[in-house]
Structures are given as C-alpha cells and as structure tokens.
Amino acid sequence: MAPLLAVCTGYFMVILDVTIINVAVPAVGRDLSASLTGIQWITDGYTLVFAGFLMTGGALGDRLGNRRVFWSGVVVFTVSSAACAFAPSAPFLVAARLVEGLGAALIVPGSLALLQEAYPVPAARSRAFGLWGSMAGIAASAGPLLGGLLVSTVGWRWVFLINLPIGAVCLLLTSRYVAPSPRHAGRALDWPAQCAVVAAVASLTAALNEAGRRGWSDPAVLCGLGLAVLAVAAFMVRERLARCPALAPRLLRSRAMSGGALIGLLFNFGFYGMVFTASLYFQRGRGFSALKTGLALFPAVAVTMFASVLSGRLTRRTGDRPLVISGMLLGAVGLAGWAAAGSDPAYPLLVAPMMATGFGTSFALTGSTATVMGAAPPEYAGAASALFNTTRQIGSATGVALGGSLLAVSTDYGSGQRTSMAIGSLAYLTAAVLAWLCVPARADAGGR
C-alpha cells in the first residue's frame with residue numbers, strides 16, 4: 001500500500017497544479033501587474049513543458065531507473081513550486097512555472113511504471129491503476145474549489161505553497177517504501193526523436209490554446225498545426241531508421257497500445273472539455289464565484305474514487321474491455337443529458353449528467369491504463385506510460401480549446417455549452433467503439 005500512496009501523492013500534486021491555478025490567475029495578474037500575455041504564459045507555459053517532455057521523462061526512466069527519475073521530478077517540482085510562491089514578478093513566475101512543468105514531466109511517466117513494478121499480479125495492479133486514475137479526476141475537479149478557497153482566504157501564493165508539504169511527504173514515502181527500479185542502460189536516448197516529440201506536442205498544444213482565443217482560421221494557429229504535423233512525420237521517419245528507437249514501431253502497431261492511447265485522448269477530450277466549459281458557464285453565464293463554481297463542479301469528482309476502486313475489483317471477473325466500453329457509454333449519456341437539458345437548465349438537472357460523466361471516465365480509466373501498460377515489455381514501461389499520458393494531455397488541450405472556441409462564437413454561453421457537450425458525447429461513443437476493437441477481452445490478455 002505504501003508504494004501506491006507514494007506514487008499517487010506525486011501524481012495528485014501534478015494534476016492539482018494544472019487546475020488549481022485557473023481561479024488564481026486574476027489575483028496573480030493584479031498583484032504582479034502582469035500583462036495579458038504574461039497571464040496566459042503563467043497557465044500555458046506549465047502545460048506546454050509538461051506535455052512536451054513526457055516522452056523524454058519516460059525514456060529517462062527506462063534508462064536510469066523509474067524511481068530515480070520519479071524522485072528527481074518530485075524534487076524539481078517542489079523546489080520550483082516554492083519559487084512560484086515567492087515570485088517577485090510575472091517573468092520570474094513564468095520561468096518558475098516552466099521548470100515546474102519539467103518536474104511534472106519526470107513524475108508522471110515514472111508513476112505508472114513504478115506501479116507496474118510494485119504490483120506484478122494483474123488483479124492487484126488493476127486496483128493500483130484504478131486508484132492512480134482516480135487521483136486525476138479528484139485533483140482536476142478539486143482544483144477550482146481548493147484554489148478558490150485559498151485565494152479568498154490566505155492569498156494566491158498558497159496555491160503553490162500547498163505543494164511543499166505534499167512534495168515532502170511524497171519524497172519521504174518514495175525513499176522509504178518504493179523499491180529501486182531496474183536500469184536498462186542499453187536503452188540509448190534517441191535525442192532526435194525526443195526533440196521531434198517535444199516540437200510536435202509543444203506546437204500542437206500552443207496552436208490549440210491559441211485557437212480558443214484567435215479562432216481556428218488564424219495564421220498562427222494554422223502554422224502551429226502544420227509544424228505539429230511535420231514534427232510527427234519527422235518522428236515516424238526517425239523511429240524507422242533509429243537503431244534504438246524511443247518507442248519501438250512494433251509497439252505502436254499493437255492494437256492494445258495504440259488503441260488504448262487513443263481512448264485516453266478521447267475521454268480526456270470529453271471530461272476536461274466539460275470541466276473547462278462548465279467552469280466558464282457557471283462563472284460568466286450564471287455569475288458564480290470561484291468558490292461556488294468549485295462546489296458546483298464537485299459532483300463530477302465525488303464519484304471518481306468509488307468508480308476507480310469498483311472497476312479495479314471488477315476487472316478480475318470481467319476483463320478490461322466491458323469496463324472501458326460501459327464507462328465510455330455512461331460518459332456519453334452524461335454529456336448528452338447535459339446537452340439535452342436546455343440552454344439554461346436548473347442546476348439540479350445538471351448534477352446527474354456530471355456524476356455520470358465523472359463516474360464513466362474514472363471507471364474506464366483503469367482498464368485503458370492497464371491495456372496500454374500491459375502491451376509494453378518491462379524495458380519500455382516508462383515510454384508506454386509517457387505515450388499514454390501524452391495523448392491524454394493532447395486530448396485535454398483539444399477539449400479545452402474547442403470548448404473555448406464554441407463559447408466564444410456562440411450567441412450565449414448556454415448554446416455554446418450544449419454544443420460542446422454534444423461533441424464530447426460523440427467522443428465518448430467513439431472511444432467505446434475503439435474499446436470494443438482494441439482492448440483485450442480478458443485481464444490476462446496482451447501480455448499481462
């Protein structure tokens with residue numbers, strides 16, 4: 001249990017930092033006299049570095065040992081959080097946030113790989129993956145609530161200071177209870193491929209973030225998308241020619257790995273798109289405060305822990321495929337229910353759709369995680385974790401960007417919200433079809 005607690009503590013800290021900053025940004029801007037561009041980089045800089053260096057973090061974990069890289073990432077993240085908390089100016093804060101994103105990129109790939117090492121029995125591993133996945137939903141949805149509470153009471157700097165005790169506990173638990181990881185020194189770092197991944201993810205994430213503000217036809221957005229496509233093409237060519245590729249092409253050809261990664265992209269697209277657009281809808285459409293918005297979103301997270309634990313237990317009897325399919329269908333029903341509730345529904349009518357979406361996403365995350373990790377040999381565990389989390393970050397960025405664009409071009413927040421939920425529902429339905437085709441039927445399939 002201690003290794004699971006150590007890993008989940010680090011992962012919780014990373015995901016919490018993605019969402020907790022959103023409600024604090026206005027106060028940060030006022031206190032540090034930040035320009036609009038500076039405010040944007042406070043939030044976007046972290047996401048860009050985090051998503052861009054996930055594959056590098058995974059490769060380093062495979063080569064140097066996942067515990068060592070995970071522990072180093074927690075140190076980097078905790079120290080940079082302290083720098084953020086005491087930032088005297090906006091440029092200093094942006095720089096500290098970039099370093100914080102690098103620490104996150106070292107933590108996340110190693111977290112899944114460490115669980116794979118600590119729990120070799122498939123049933124125990126599935127339960128561990130379930131609790132790991134629930135951390136994402138809890139942290140993502142609790143972020144706005146906790147951020148609003150901290151900003152309104154002790155100030156925005158505590159949004160970062162809260163990471164210090166969490167990071168200290170994580171370091172202590174990791175040092176005492178997580179066993180050293182095997183090192184695969186023969187896994188040479190393929191730097192051209194790593195650079196191509198960084199360029200692809202950074203260009204795509206930047207383009208998607210800008211699309212929410214500039215529109216999809218803006219030259220800067222189109223240029224970013226074009227650069228991302230070119231970088232992906234360069235990565236694929238490099239992987240075919242490399243003697244020791246960052247991610248072996250045979251793994252990408254695996255239906256379980258590629259399909260599981262795409263499922264992760266789709267359900268993150270739907271879930272984080274819902275959280276983002278719902279947050280704007282409640283604050284700007286209904287005039288909720290930051291704290292009240294966090295409370296309004298709480299039903300989406302209240303069920304995630306239960307769903308993850310339940311799916312981790314059921315997978316021993318059913319295998320992963322039924323759980324992923326049923327979770328995606330439930331998520332689709334939830335978002336469709338919100339879309340059908342009308343342009344300005346009473347809040348009680350939205351509680352059940354939010355709970356269905358949160359439950360379905362968390363219920364499916366366990367099986368999709370186990371599918372991707374089970375398809376990778378031990379020497380590629382970090383790379384497989386990085387691939388899965390990179391696609392999920394891309395899904396989150398896409399869902400947020402598309403949701404923001406729909407709200408911006410709609411006549412009112414209600415209609416834009418309904419359109420965004422309907423598209424998210426289609427994403428969940430697509431993920432359910434992919435799960436039927438790609439997720440192994442039994443828990444011991446795919447090499448687990």
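Let's start with the overall fold: the protein chain has 19 helices and 0 strands, where helices (H or I, at least four residues) and strands (E, at least two) are DSSP runs numbered from the N terminus. The radius of gyration of the chain is 20 Å, close to the 22 Å that the globule rule gives for 448 residues, so the chain is as compact as a globular protein of that length. Here the radius is taken over C-alpha atoms, and the globule rule is 2.2 Å times the number of residues to the power 0.38.

Before going further, please keep in mind that this is a predicted model, in which local features need pLDDT of at least 70 and side-chain atom pairs count only at pLDDT 80 or more, while totals for chains, interfaces and linings use all residues. Residues are numbered from 1 along each chain as its sequence is written, and side-chain values use heavy atoms, with hydrogens and water left out.

Along its principal axes, the C-alpha trace spans about 55 × 50 × 45 Å. Of the 448 residues, 59% count as buried; buried means under 20% relative accessible area, exposed means over 50%, and partly exposed is in between (1.4 Å probe, protein chains only). Contacts, meaning heavy atoms within 4.5 Å, reach across the sequence: residues 24 or more positions apart account for 85% of the contacts with a separation of 6 or more.

Now let's walk along the chain. In helix α1 (residues 2–20) we meet C8, which is buried, with a relative accessible area of 6%. Setting aside neighbours within four places in sequence, C8 is in contact with L131, W132 and M135. The C-alpha atom of C8 is also separated by 9.7 Å from that of F129, 121 residues apart along the chain.

Helix α5 (residues 66–85) offers a check on helix geometry. At 1.5 Å a residue, its 20 residues should span 28 Å, and the end C-alpha atoms are 28 Å apart, which agrees; the expected span is 1.5 Å times one less than the number of residues. The buried residues of α5 include N66, F70, G73, F77 and C84.

C84 comes up again in the surroundings of R97, a residue of helix α6 (residues 90–118). Is R97 buried or exposed? At 0% relative accessibility, R97 counts as buried. Leaving aside neighbours within four places in sequence, R97 is in contact with D17, I21, I42, T43, Y46, C84 and F160.

D17 has a further link, to I162, which sits in the loop between α8 (158–161) and α9 (163–177). The C-alpha atoms of I162 and D17 are separated by 9.8 Å, although these residues are 145 residues apart along the chain. I162 counts as partly exposed, at 22% relative accessibility, and touches L146 and L150, not counting residues up to four places away in sequence.

Further along is helix α18 (residues 381–409), home of T390. This helix has 29 residues and reaches 42 Å from its first C-alpha to its last, close to the 42 Å expected. Because 25 of its 29 residues are buried, α18 is largely enclosed by the rest of the structure. T390 itself counts as buried at 7% relative accessibility, and touches A51, L54, M55 and V201, not counting residues up to four places away in sequence.

Helix α18 also leads us to the empty spaces. On a 1 Å grid over the protein atoms alone, a cavity is a set of points where a 1.4 Å probe fits but cannot get out, and a pocket is an open set with protein on both sides within 12 Å along at least five of seven lines; lining residues have an atom within 4 Å of a point. Grid points are joined across faces, edges and corners, and a volume is the space filled by probe spheres set on the points.

About 350 Å³ of space lies in the second largest pocket. Of the 15 residues that line this pocket, the closest to its centre are V197, V232, F235, L387 and I394. Helices α10 (191–214), α11 (219–241) and α18 each supply at least two lining residues. By class, the lining has 13 nonpolar, 2 polar and no charged residues; Ala, Val, Leu, Ile, Met, Phe, Trp, Tyr, Cys and Pro count as nonpolar, Asp, Glu, Lys and Arg as charged, and the others, Gly among them, as polar.

The whole structure holds 3 cavities of 30 Å³ or more, and the second largest cavity has a volume of about 70 Å³. Its lining includes F269, M274, G399, L402 and S420, with α13 (255–285), α18 and α19 (413–438) each supplying at least two residues. The lining of this cavity divides into 6 nonpolar, 6 polar and no charged residues.
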